[in-house]
Amino acid sequence: MNAHQQDPLLTVDGLVVEYPARGWRGTPFRAVRGVGFDIRPGETVGLIGESGSGKSTIGRALLGLAPVTEGRILFDGEDVSHPTHRRRRELTSLIQVVYQDPYSSLNPAMTIGDILTEPLTVRRVPRREALERVRDLLETVGLPADAVRRLPREFSGGQRQRVAIARALVLDPRLIVCDEPVSALDLSTQQRVLDLLIEVQERTGVAYLFVSHDLTVVRELSHRVAVMYRGEIVERGDGDTVTSRPSHPYTRRLLLSSPVCDPDAQARRRAERRRLSVPS
Amino acid sequence: MITYSVKRLLSGAALLAVLSVITFFALRLGTQGVAQQIAGQSAGPEAVALIEERYGLDRPLAQQFLSWAASALTGDLGRSWFTGQPVTEAVLSRLAVTVNLAVGSVALTGALGVLLGALAATRRGWPDRLVQVLSVLGQAVPGFVLAVGLVLLFAVQLRWFPATGYTDPSDSVGGWIRSLTLPVLALAVGSVGGVAQQVRGSMLDVLRRDHVRTLRSRGLPRRRVLYRYVLRNAAGPALSVLGLQFVIILSAAVVVEQVFSIPGLGPVALTSTARGDAPLVMGVVLVTGALVVLVNLLVDLLQAFLNPKVRLS
Amino acid sequence: MKPSPLHALAVTLAALLPLTACSNGSGSDSEQPEELVVGMPVDLTTWAAADAAWGNEALYHQAVYDTLLRTDAQGGVEPGLATEWSYDESMTRLTLELREGVTFSDGTAFDAEVAVQNLLRFRDGASENAANLSSVVEAEAVDADTVELTLDAPDPALLTYLSHNAGLQASPETFDAEDAQVRPVGSGPYVLDEEATVVSSRYVFTAREDYWDPEVQLYPKITMQYYPDATAMLNAVKGGQVNVTNLHSSSQAADAESAGYDVHLSPVNWKGLILADRGGEVEEAVGDVRVRQAINHALDREALLDAMDHGYGEPTAQIFGPDSEAYAEALDDAYPYDPDRARELLEEAGYPDGITLVQPQTSFTPASEFELIAGMLAESGIDVEAEHVGSTFIGDLLGGAWPTFRFALNQEPLPWMTYRLAIAPDSAWNVYDVEDPTVEKLAERMRLGGEDGAAASRELNEYLVEQAWFAPFYRLQGIVVTDGSTDATHKVGYAMPNLWDIVPVS
Amino acid sequence: MSTPASSPGLVPRLLRHPLGSPALVFVVLAVAVAVAGRWLAPHDPTATSVALVMAPPSAEHWLGGDAAGRDVLSRLVVATTYSLAGGMVVAALAALSGVTGGLAAGYFGGWVDTAGAWLTALVMSAPAMVILLAARTAFGPSLWLSMAVFGALISPVYYRVVYNAVRAVCGEPYVDAARTSGLSTPRIIARHVLLAVRAPVILVSSGVVAAGIGMMAALDFLGLGSPSTPTWGQMLSEGFYDMARNPLLVLWPSLALGLTMVALVLLGNALRDELEGTSAPAPDGRRAPWRPRSEEPPRVIEHGDADERPVLLSVRDLAVAYPRGGGWTTVVHRSDLTVRRGQVHGLVGESGSGKSQTAFAVLGLLGQGGRAVAGSIVFGGQELTGLDEARMNALRGRRIAYVPQEPMSNLDPAFTVGAQFTDPLRVVLGRSAKEARRTALDLLARVGIPDPERVYRSYPHQLSGGMAQRVLIAAAVAAGPDLLIADEPTTALDVTVQAEVLDLLRELIDELDMSVLLVTHSFGVVADICDHVSVMSDGTVVESGPTRSVLAGPRHPYTRELLAAIPRGNPRPPLEGARP
């Protein structure tokens, strides 16, 4: 694979997302204020920010779930910021998503098999073939084959998130938006899901837009990272630099605020953070 | 708040307009031979023609409606074709009676419903079972059966209350209460269970919420948390149900007024619709429609008052 | 009352209710009658005298209005606002001498001019009985207290009509008043208390001072309470809330009796089938007298009486009542129940497989009655199909929508009135306007009255029964109940007594 | 989470429901009679016979004859068909319009929503009786027509239920997920949304069928029924007419009507219990006594501890259980915990490990039905298990305080911050209104709220999460408690806010000299603030000791596993060919 010559898979340029105002006279809420970045095939771009920073909105805009007010989203050279209804549905096989909450993102009334084959059957893939593919995928994400017949509530959070990942993969997408995929999981399962994501990426070459508030997690997964604050990107760069030696004060505060599980290291961090926040 | 109310009232006015169009045409298309009925069963064609001309029944329907609407907009709802009484007078005097009945029932329903619901939510045990039984009975026993039963027992057998009729409070307050007791009971019993169950449900729901535990963690006695905080939070849903009950009771009152021969809107609605007395029917529809719109608005305003989140935005 | 669990419950409840203290307030045993409460089974149609209805509504009008003449309980004509009356020889000119010094409750004086206007307005008005004055060609005020009516032909019922709505006298101020329908101004014994009145529910009257005939003012106050619902009416009776009323249904008589009321029975209506299309205009079969006779033979009148009206009535095949000159007892049994004979007649008429009739069915009468009759007729090969109709029923009926239908018609006190109601070609209930030379010849004789008129009316009755213009089931008893403090004298041919025949019992 | 109606065993579950089973059996029976009525009726229900008028029961006619001489039993049987069918028509029409409208309005929102709301208001403000009568006069007396009109009139019942359900579902990520799977709108509605409204629709239906049957009876009573169709209501109103002569004619239809409606309502209640899981737990009398698990959990691994401060809280062998069905679900087994004066004690574990339940047990505020079934909790020398309500209240307000996890949901939305802050101060601590207010304002200022006056007057929804948590902390420490129980106090907050709130807690601990039991899942938080830590797994404390010692040298395999699982934060190398 020759990555040098590769054009970006996704280019976001001057993206603005505004939610219409409630009532007649309110001002619209601007969740994303002119954001630009790109993702190359097989790459993970991490998007860090706190709640309300607009990081999740960007993911939703890519999926067509949030309105693009200004700017462009180019996918493989095609402007997909305002696709037709039909094109949007076609795009769903190229851009997929893994949501934060593995409990509510799977329909509790459907079996895992139905959930996973649904994207295929609506595309007229024969049921037999679809099941075949789903069995393969279950193996990929490390779930037993008999999961097809079971309901989501029979699985733990981590397992459900594997189902969600399998669902994202079922259409062979080129980009997956991972919206806080591990933050609802217990500690002991977070790492395994992260490992799975990396493994899947290495195997299939899919690109990730990895949205998270957790620096540590972003660092593990992202080739490049952008830091968002109040709807704008305040810092960007390669994963290691941004997450361990940030230059923007906000990113530094973010880094120093996340505790580490060593009392002495944490005490140093605390002291450093205090020094940083005094002038502000 | 004021703009909101004005907006709601405007939408209510539009609603009444549509309602009157629907009612007018349904009624007039439905009832033929009104003139014959007004004139009487043995009246000859001359008398019928006279009536038709007198009330403009020989004109096209649309024209009839427009002329009704034009005078309605000036506040003149015309006169009943059958009794000749001004519609405004006929409807308003009877509305007062129905509102007496409905407000009495809703008040009783509300008081008993909240009391029983709160008891059931906090004590379980017998109040809980009572609420269950009441709500099942309320849903399962038709109002008129209950009304007839009440009359047979309390009016005919025991003669504690009058079997029929309505005494105006200006004549005798005692008589007024006595004449309303049975009909109010007949209407309230049907809905107390439902309201109590709603109160119980929303109280249990509030009881499970985090802030109740937090308040208790500060040493507030259970009783105080229940009656000051939980009840207040549960009041919203209860209020919605009461508002809905008012509308339901307004409809149920038709039957109860019939059983007790109470001169409310019900008998007027029944007879005027049955014989096609269009001006009177339109009056009834407009007035009850407006009443429902106002009650709903009132409920929503109270709701907003109870819920600071809505009130302040 | 025996103590029972229900009673115990009631007593317990009583202890909880503070309201029961005032439960003995209704002074049913007080000596001086303060008020008369009349239960009314029908609402008032209108107060406007020119459009007024009568029959069950008569009490409302008798409270407020005077009529030119009155009829006593036996049907005899008595003075009202007219003190004397006389016909000329040709029986086409009627002179009425009016009472002097009578004023309406608004102060307007009553005189011949007012009387003339009232008469003409009624004749040209929208009352269902407007045709009762159709024979009046001219009305003239000869002087201030004399009225002269010119008729196009003799009318033996005119004097009676003038004691009904046709003779109602209203103040001229109301003639073109917009509120004439709701605000009566009469010269009668009572005035309407508009404050206390609730239109279509409760009408309250107070006695007028200086009324010319204080003998008919038996109560200082009268309340007429309209009960649209039969159950409510019965409950009011059981609860002791009315002094006198006319019951909706004979099935309630027993209840009223056990509640301590006196039950007064009198034949008022005849109930049966009107075989209207006797000319065979729409339904050929009905045009055949044998078919009509077959229908008469197919009815088990005794059984119907028991089943539908609990025996409160008398089986009959004639439409004239016992109080009528035309009545002949023998005709009651003219058509004995005989399904075989009925089938024979049908076969003779050319309907060996029976016939099918379509009849209207309304919610005014219980569906069970319709089916009972239909079931009975079916046994004789006469199938009845129901057509469900709503409020347009009467109009359609009178318009001739159904060749045969079931109804209950008043048994008028005078044969001529019956003729005008249901037999004359232009009468309302001869819905197909059937004209029969024999009937018309007899009618001409009846019109002139006297002995020959009476004889002619009996012949007419016989002829109608033989021709089977109708298929009556039975004469239905009107049921008036009075409580212990009230008595009432029944008025011939009508459900309710005259207002002044309802009297307090001392 | 709603359980779908189709999940295996709804019918068996209904059959086990104490009121549901007789109701279900009755309804099934009634439906069977309704379906087979034509053939079951011993006589022609419309055949009249003069001989049978008001006939008493006989061998030939079990229930006798009615006023028209018809066989009462046959009419009763056939009336079942019409009455139930009438109720069904009501439900079908109401469901058709209500569900369609609710689905459309809930799913599409916008103007469809507005139109739907307006139409609902229109239908609800229309006087039902007048409309029914007008339709009747217009189209003649037909049972089906009246029922259809009534169905349309009560369709708002369905509309509301469906609308709310759809709104709730549309917020669920799985609907978004379906959208991003490329499903078309009709398919999403059919597959995902309809599934969610099915349960509430079934629930509402039994009530609506009952209402329809009741309405039909009322119309018959008012004489507005269809005279040719035998229904219970019609039999009833005919019975009323002749009640004095034959009260039995009222009894039979009343029984049929009443029992059916009661059965339908009870069935609806049972369905709700089973579908929403609100069935009441068996009363204590019938519950088996709690029993500890058969296998004894291993004892706590205790690290050596130099802390000699006096013990404030001692939890020994604590077990917490909740009633479930006829038995118990045990969420905490043999938990041991020692909190010393001035100690900040972290209680770490994954979700479901029982750490919060242990904390609530100490507070005496376990959820509905939960109780400490074994062991002891000794606080300041006083045994807390089995303590009466009043004494526990006294402790809670003054000596034990609580800081919850979700700041927003732990403030009462209906009261201002000031009101709910000062109420306990006045009731529990007996301060005057003025004093309480001053205390509150001081404390709000103390916890770093910039404009205490404004916050005091504010309602919870006007505050940010961090602000709300500061309010809750201020309220908790108002009485100067000895022990502060903090249940994941920073989990719901952003990391930067978390750091600030932890700083605040640290300051307050020093200032007020209190002990803290800090429940958390984050070892980072433990490292930041706790001097002691206990690790819980599966309802049991498995390891306990000074923070440094436990973090540096975990001895229990579970602790080791947990620490090892913490994302290492190894940076990923840049992708080949990345531009700088």
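**Entry 1: chains that touch and chains that do not**

I looked first at chain A and chain C, which do not touch, contact being defined as heavy atoms within 4.5 Å; their nearest C-alpha atoms are 48 Å apart. I note that the model is predicted, that local features need pLDDT of at least 70, that side-chain atom pairs count only at pLDDT 80 or more, and that totals for chains, interfaces and linings use all residues. Residues are numbered from 1 along each chain as its sequence is written, chains are lettered from A and ligands numbered from 1 in the order in which they are written, and side-chain values use heavy atoms, with hydrogens and water left out.

I then asked which of the 5 pairs of chains that touch has the most contacts. The pair is chains A and D.

**Entry 2: the interface of chains A and D**

I found 56 residues of chain D in contact with 70 residues of chain A. Between them, chain D and chain A bury about 5400 Å², where buried area is the accessible area (1.4 Å probe) that two parts lose on being put together, summed over both. Carbon and sulfur atoms carry 55% of that buried area. In chain D, the residues that lose the most area to chain A are D:Thr180, D:Arg572 and D:Leu575, together 15% of what that side buries.

I also looked up salt bridges (a side-chain nitrogen of Lys or Arg within 4 Å of a carboxyl oxygen of Asp or Glu). Chain D and chain A have 6 of them between them. One joins the side chains of D:Asp503 and A:Arg274, at 3.2 Å from N to O.

**Entry 3: salt bridges within chains**

I recorded a count of 66 salt bridges over all chains. Side chains of opposite charge can pair when their charged atoms come close.

In chain C, I examined C:Arg70 and C:Asp213, whose side chains meet in a salt bridge at 2.9 Å, N to O. The two residues are 143 residues apart, with C:Arg70 in strand β3 (residues 69-71) and C:Asp213 in the loop between β11 (202-207) and β12 (221-226). Helices (H or I, at least four residues) and strands (E, at least two) are DSSP runs, numbered from the N terminus. Are C:Arg70 and C:Asp213 buried or exposed? Both are buried, that is, under 20% relative accessible area, whereas exposed means over 50% and partly exposed lies in between (1.4 Å probe, protein chains only).

A second pair in chain C is C:Asp179 and C:Arg183, with a salt bridge at 2.8 Å, N to O. C:Asp179 counts as buried because its relative accessibility is 19%, and C:Arg183 counts as partly exposed because its value is 38%.

In chain D, I noted the salt bridge of D:Arg399 with D:Asp482, at 2.7 Å from N to O. D:Arg399 lies in the loop between α13 (389-398) and β7 (400-403), and D:Asp482 in the loop between α17 (465-476) and β8 (483-487), so the pair ties together parts that are 83 residues apart in sequence. D:Arg399 counts as partly exposed, at 26% relative accessibility.

**Entry 4: chain B**

I turned last to chain B, which has 13 helices and 0 strands. Its C-alpha trace spans about 85 × 55 × 35 Å along its principal axes. Of its 313 residues, 57% count as buried. Among contacts in chain B with a separation of 6 or more, residues 24 or more positions apart account for 74%.
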